[in-house]
Amino acid sequence: MTPQTLEREFDVVIIGAGAVGENVADRAVQGGLTVVVVEAELVGGECSYWACMPSKALLRPGTALHGAQTVPGAEAAVTRTLDVAAVLKRRDYFTANWQDEGAVKWLEGAGIELIRGRGRLTGPRAVEVAGLDGNIYQLKARHAVVLATGSIPNQPPIQGLAGLHVWGTREATSAKEIPARLLVLGGGVAGTELAQAFARLGSEVILVARSGLLGSFPAEASSLVAAGLRADGVEIRLGTSTESIHQNDDGTFTLTLRDRTAGEQGIAEHSTSDQHAGEQSAVTADKVLVSTGRHPALEGLGLESVGLGASDGKPLRLQTDLTGLVRGTDGHEPWLYAVGDAAGKNYFTHQGKYEARATGDAIAARAKGELAGDPAAWSRYAQTANLHAVPSVVFTDPELAAVGRTLEQARKDGYNASSVELPIDVSGSSLHSEHYEGWAQLVVDEDRRVLLGATFAGPDVGELLHAATIAVVGEVPLERLWHAVPSFPTISEVWLRLLEKYGL
């Protein structure tokens, strides 16, 4: 068939059909608007096929096995290692074998139209789509265009890296075989999780990071995760730069590493490399996973056509308000929004979906004349939690869970803040497993006597986090929180111990 140019008009045009784009679309449709989403890859996005779901599917079997091995009685019954084929098969199930028929059916059932192709802005409220069917779609949005394009991996400036077929997180989470030797570049959440997952699946793993491991978390918490990785045989080299990489004739990779000086490392409490500062060394691995952060996927979206091009060679970053509305666009009426990773505030699927719900509701309300100007904080149209209570869980073993501000962040933001911390050593943790090791911290606003943040580290502490999130969002006074009695014997009893140590 001869390619055609087709003109269409909708109330809302959304570029990106991942979890975030889907949620904006759903809320806008529920608000009575017509919506089309544009997607060049799989409907459902990164989280469903290459990030959250497959990575957790790879991690959970090892955590379950290790949990049984730490409890007398159960330990004696565990006689086998992980069944790699079964783990990968279960991973494939959770990714729907990288097929998106189910997600497409959901869109259809919700009354959301889908155009497969690559979309770009050509002017205010105008999107051109190079359709995968060969057609060109000229889309006009009556009320809003939403960028829900996610993020893409950073590429570190390593000599020889360009053009090599190394792994990113996509290749790691979709791997069909477990490499004998895996070198992970990056000490953030994804690198740390995948290092442990592959170590438990049989790889010999080296993790290399320029600074510390999980450096945005308190050192007491991240050190427990480091100990867990080392117990699984992961060699951790912190404060170490990667000078160069090349691929050998047999397909393996050799990397030249240099251990930086204490001054270069910058984060002394997180830098515990076993190597001597300044030394160079070479390591060889069958696969190399580069996991050195991500940035918003805004390239090629035509943002320059509405006055938002990048300047001075720096990566483009968008400024958004609490509804997701992009500031600085051409035109007087609000119409361009960015949500999730594309907005560049938080790189968490759950927080992106939260933003999406607020944005979809705000678009519908503005279209009906029910919202003018800025919304009230904590209203259904405002992403207020982004400023105060972003929860996150690192699904290593032990887990690391945090919400809100650390003590340093709270003081930097001008709060009269204090903290209370202690090891997790309660009846519930003792029953959970032999030699349970954990750590917990609460950050307190002394002027209002409410929580500003909380951090937990230890086996299965992710399930403690929502209580902390509610306490921070609800600004529950400590004197009232004292009356929230933890069930005995659970790990949640650490809440009581923390409040007691605080002085209640």
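This dialogue takes up the terms used for a predicted model of one protein chain and the values behind them.

Visitor: Why is the protein chain called as compact as a globular protein of that length?
Guide: The secondary structure comes to 17 helices and 20 strands. The radius of gyration of the protein chain is 24 Å, and the globule rule gives 23 Å for 504 residues; the two values are close, so the chain is described as compact in that sense. The C-alpha trace spans about 65 × 65 × 50 Å along its principal axes.

Visitor: What share of the residues counts as buried?
Guide: Of the 504 residues, 51% count as buried. The accessible surface of the chain comes to about 22,800 Å², and carbon and sulfur atoms hold 51% of that surface.

Visitor: What part of the contacts with a separation of 6 or more joins residues 24 or more positions apart?
Guide: Such residues account for 66% of those contacts.

Visitor: How many side chains are positive and how many negative, and how far apart are the centres of the two sets?
Guide: The chain has 43 positive and 61 negative side chains, and the two centres lie 3 Å apart.

Visitor: What makes W167 and F198 an aromatic pair, and why is the pair called tilted?
Guide: The structure holds four aromatic pairs, and W167 with F198 is one of them. Their ring centres are 5.6 Å apart, and the cut-off for a pair is 6.5 Å. The angle between the planes is 50 degrees, which is neither under 30 nor over 60, so the pair is called tilted. W167 stands in the loop between β6 and α7, whereas F198 belongs to helix α8, 31 residues apart, and the pair thus links distant parts of the chain. Both W167 and F198 are buried.

Visitor: Why is Q383 called buried?
Guide: The relative accessible area of Q383 is 2%, and buried means under 20%, so Q383 is buried. Q383 is placed in the loop between α11 and α12. Beyond its neighbours within four places in sequence, Q383 is in contact with several residues, including D321, V339, Y354 and T359.

Visitor: Why does R448 count as partly exposed?
Guide: R448 has 39% relative accessibility, a value between the limits of 20% and 50%, and therefore R448 is partly exposed. R448 is found in the loop between β19 and β20. Leaving out residues up to four places away in sequence, R448 touches Y415 and E475.

Visitor: What makes the phi of R449 and of E475 worth a remark?
Guide: Most residues other than glycine have a negative phi. R449 is not a glycine, yet its phi is positive, about 60 degrees. E475, also a residue other than glycine, has a positive phi near 50 degrees. R449 is in the loop between β19 and β20, and E475 lies in the loop between α15 and α16. With 27% relative accessible area R449 is partly exposed, and E475, at 38%, counts as partly exposed too.

Visitor: Which peptide bonds are cis, among those leading to P398 and P489?
Guide: Most peptide bonds are trans. The bond from D397 to P398 is cis, with omega near 10 degrees, and the bond from F488 to P489 is cis, with omega near -5 degrees. P398 lies in the loop between β16 and β17, while P489 is found in the loop between α16 and α17.

Definitions and conventions: Residues are numbered from 1 along each chain as its sequence is written. This is a predicted model: local features need pLDDT of at least 70, side-chain atom pairs count only at pLDDT 80 or more; totals for chains, interfaces and linings use all residues. Side-chain values use heavy atoms; hydrogens and water are left out. Helices (H or I, at least four residues) and strands (E, at least two) are DSSP runs, numbered from the N terminus. The radius of gyration is taken over C-alpha atoms; the globule rule is 2.2 Å times the number of residues to the power 0.38. Buried means under 20% relative accessible area, exposed over 50%, partly exposed in between (1.4 Å probe, protein chains only). Contact means heavy atoms within 4.5 Å. Accessible areas come from the Shrake-Rupley method with a 1.4 Å probe; for residues, only the protein chains shown count as cover. Lys and Arg count as positive and Asp and Glu as negative; His and the chain ends are not counted. The place of a charge is taken as NZ of Lys, CZ of Arg, CG of Asp or CD of Glu. Rings of Phe, Tyr and Trp (its six-membered ring) pair if their centres lie within 6.5 Å; planes under 30 degrees apart count as stacked, over 60 as edge-to-face and the rest as tilted.
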